[in-house]
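The following paragraphs lead through a single model, from its sheets to its helices and then to selected residues. Please keep the sequence and the structure in view while reading.

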Amino acid sequence: MTAWIDRRALDLFAIEHPLLLAPMAGSGGSALATAVAHAGGLGAIPCASISLQTIEAEVKTFRTATSGARVNLNFFAHAPITPTGEATQRWLDRLAPYFAEFGVNVADLPKAGGRAPFDSAMCSLIETLRPEVVSFHFGLPVDALLDRVKATGAIVIASATTVAEGRWLQERGCDAVIAQGYEAGGHRGNFLTDDMATQPGTFALVPQMVDALKVPVIAAGGIADGRGMAAALCLGASAVQLGTAFLLSEEATTVTAHRNALRTARDDNTAVTNVLTGRPARGIVNRIMREVGMLSSDALPFPLAGGPLTPLRAATEPDGLGDFQPLWSGQAGALARDASATEIAMQIAERAARMLGI
Ligand SMILES: Cc1cc2nc3c(=O)[nH]c(=O)nc-3n(C[C@H](O)[C@H](O)[C@H](O)COP(=O)(O)O)c2cc1C
């Protein structure tokens, strides 16, 4: 048993190591959550892009496989925006050369969906399933829903990309705050600011968040090995949350084109872009990001920008190319390893403990 010095996150989540699996919509499910729980960390099941029935089945599978370890169910809390016809046309016009290249008929384009905000039906499922931890990205749901989640006794955590967002979450009763630095893979959790130019990196954000908040701070973004975990704990984080480190693991559901891209990951080939979904997210630079521009004012609001890309993705993905799909990765993607997630998590925690002399 490792004698971690700060026990706040360990006690809150009933875990052996202060390591949380980042919920990763599309790349992780009950198998990945189980593997990290087996290593003594907290498993997470991303629920934003799966049906209520699938959420229920995933939780059941996790609970059976872990004999009742705590689980974190993750949801998005964005406010959906209905774009004007003009805005829709602008995005379709921007993509027109690609539709022509791949023979896509605009009349057949699917409506974008697949990433629903937390709603009453999801809340009812929480009331039935009673997960020990519920986490939110993009802020928090409206008070009435949040109160219902809290009434189940769930621990509530959420991502903050600035100290102001961390304070906002603490004031609304979050039990811990995830400090998501700019290095992080996937969607930025920002909700009080849209300014990507001023988003702080993990190394600067974590100690300032720790100083500002009373609740435990969980460091996220660019942490992918024991050195990073030890550094985050030295900065005052009570735990770390890792995503990219697990994307190549056996238990991740990362698709082939995404795995291929991750094997080319370097410190300098990811960027934050809104052209894949409509919200800023960090991924490995691909064709659409390069050609349309990383942050485009033409992109439809989240998650609608992704809908018209569906046939372009379908046309290029079978070749192992990820030209028109999210290849989410943090800036430490080159440290991700092909191994079991249990082994990855245990090695990271053990190395961090050794470095900290515990
Ligand atoms: C592939 C991928 C998918 C993600 N999906 C989600 C998600 O569904 N919900 C969420 O709260 N965060 C999501 N994130 C962000 C993570 O919670 C976390 O902030 C990030 O992984 C930390 O940075 P790292 O990837 O460098 O470890 C995702 C990240 C990645 C890499």
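The model is predicted. A convenient place to enter it is helix 3, residues 52-66, which lies across strand 2 and strand 3. Relative to strand 3, helix 3 runs at about 160 degrees.

Strand 2 and strand 3 belong to an open sheet of 8 strands, whose order is 1-9-8-6-5-4-3-2 and whose pairing is parallel. The edges of this sheet are formed by strand 1 (19-21) and strand 2 (43-46), each of which pairs on one side only. From one strand to the next, the twist averages 25 degrees.

Within this sheet, strand 4 can be followed residue by residue. On one side, strand 3 (residues 71-76) runs parallel to strand 4 (residues 133-137), and 5 bridges join the two. The register between them can be read from two positions: Asn74 stands opposite Ser135, and Phe76 stands opposite His137. Strand 4 also pairs with strand 5 (residues 155-160), again in the parallel sense, over 4 bridges. Here Val134 of strand 4 is found opposite Val156 of strand 5.

How are the side chains of strand 4 arranged, and how many of its residues are buried? In a regular strand, side chains alternate between the two faces of the sheet. In strand 4, Val133, Ser135 and His137 point one way, while Val134 and Phe136 point the other way. Both sets are buried, and the strand is accordingly described as mostly covered, with 5 of its 5 residues buried.

Another strand of the 8-stranded sheet, strand 9 (residues 239-242), holds Gln241. Is Gln241 buried or exposed? Its relative accessible area is 9%, so Gln241 counts as buried, the cut-off being under 20%. Beyond residues up to four places away in sequence, Gln241 touches Leu20, Leu21, Ala22, Pro23, Ile178, Ile218, Ala219, Ala220 and Gly221. Of these, Leu20 and Leu21 lie within the span of strand 1 (19-21).

A second open sheet has 3 strands in the order 7-11-10, with antiparallel pairing. Its edge strands are strand 7 (186-187) and strand 10 (270-273), each pairing on one side only. Strand 7 pairs with strand 11 (residues 281-284) over 2 bridges in the antiparallel sense, and His187 stands opposite Ala281 of strand 11.

Among the helices, helix 4 (residues 85-102) repays a detailed look. At 1.5 Å a residue, its 18 residues should span 26 Å, and the end C-alpha atoms are 24 Å apart, which agrees. Helix 4 nevertheless bends by about 50 degrees at Leu95, and a proline, Pro97, follows within four residues. An α-helix has 3.6 residues a turn, so residues three or four places apart point the same way. The buried residues of helix 4 are Ala87, Trp91, Leu92, Leu95, Tyr98 and Phe99. These buried residues pack against helix 11 (287-292) and helix 12 (310-316). After helix 4 comes Gly103, with a positive phi near 65 degrees.

Two packed helices are described by the angle between their axes and the distance between the axes. For helix 7 (residues 163-171) and helix 8 (residues 202-212), the angle is about 35 degrees and the axes are 9 Å apart. The crossing of helix 7 past helix 8 is right-handed. At this contact, Val163, Gly166, Arg167 and Gln170 of helix 7 meet Leu205, Gln208, Met209 and Ala212 of helix 8.

Helix 8 also contains Pro207. With 23% relative accessibility, Pro207 counts as partly exposed. Leaving aside neighbours within four places in sequence, Pro207 is in contact with Thr202 and Leu235. Pro207 and Ala245 are 38 residues apart in sequence, and their C-alpha atoms are 22 Å apart in space.

Leu327 offers a last example, located in the loop between helix 12 and helix 13 (341-355). At 4% relative accessibility, Leu327 counts as buried. Apart from neighbours within four places in sequence, Leu327 is in contact with Ala257, His258, Ala261, Gly283, Ile284, Asn286 and Gly322. Ile284 is 43 residues from Leu327 along the chain, yet the C-alpha atoms of the two are separated by 5.4 Å.

Notes:
Residues numbered from 1 in each chain as written. Predicted model: local features only at pLDDT ≥ 70, side-chain atom pairs only at ≥ 80, totals over all residues. Heavy atoms only, no water. Pairing = 2+ DSSP bridges. Axes fitted to C-alpha atoms, helices over the stretch in contact; angles between N-to-C directions. Contact = heavy atoms within 4.5 Å. Expected span 1.5 Å × (residues − 1). Bend = angle between axes of the 7 residues up to and from the residue. Buried < 20%, exposed > 50% of the residue type's maximum accessible area, 1.4 Å probe, protein only. Left-handed = near helix turned anticlockwise from the far one by under 90°.
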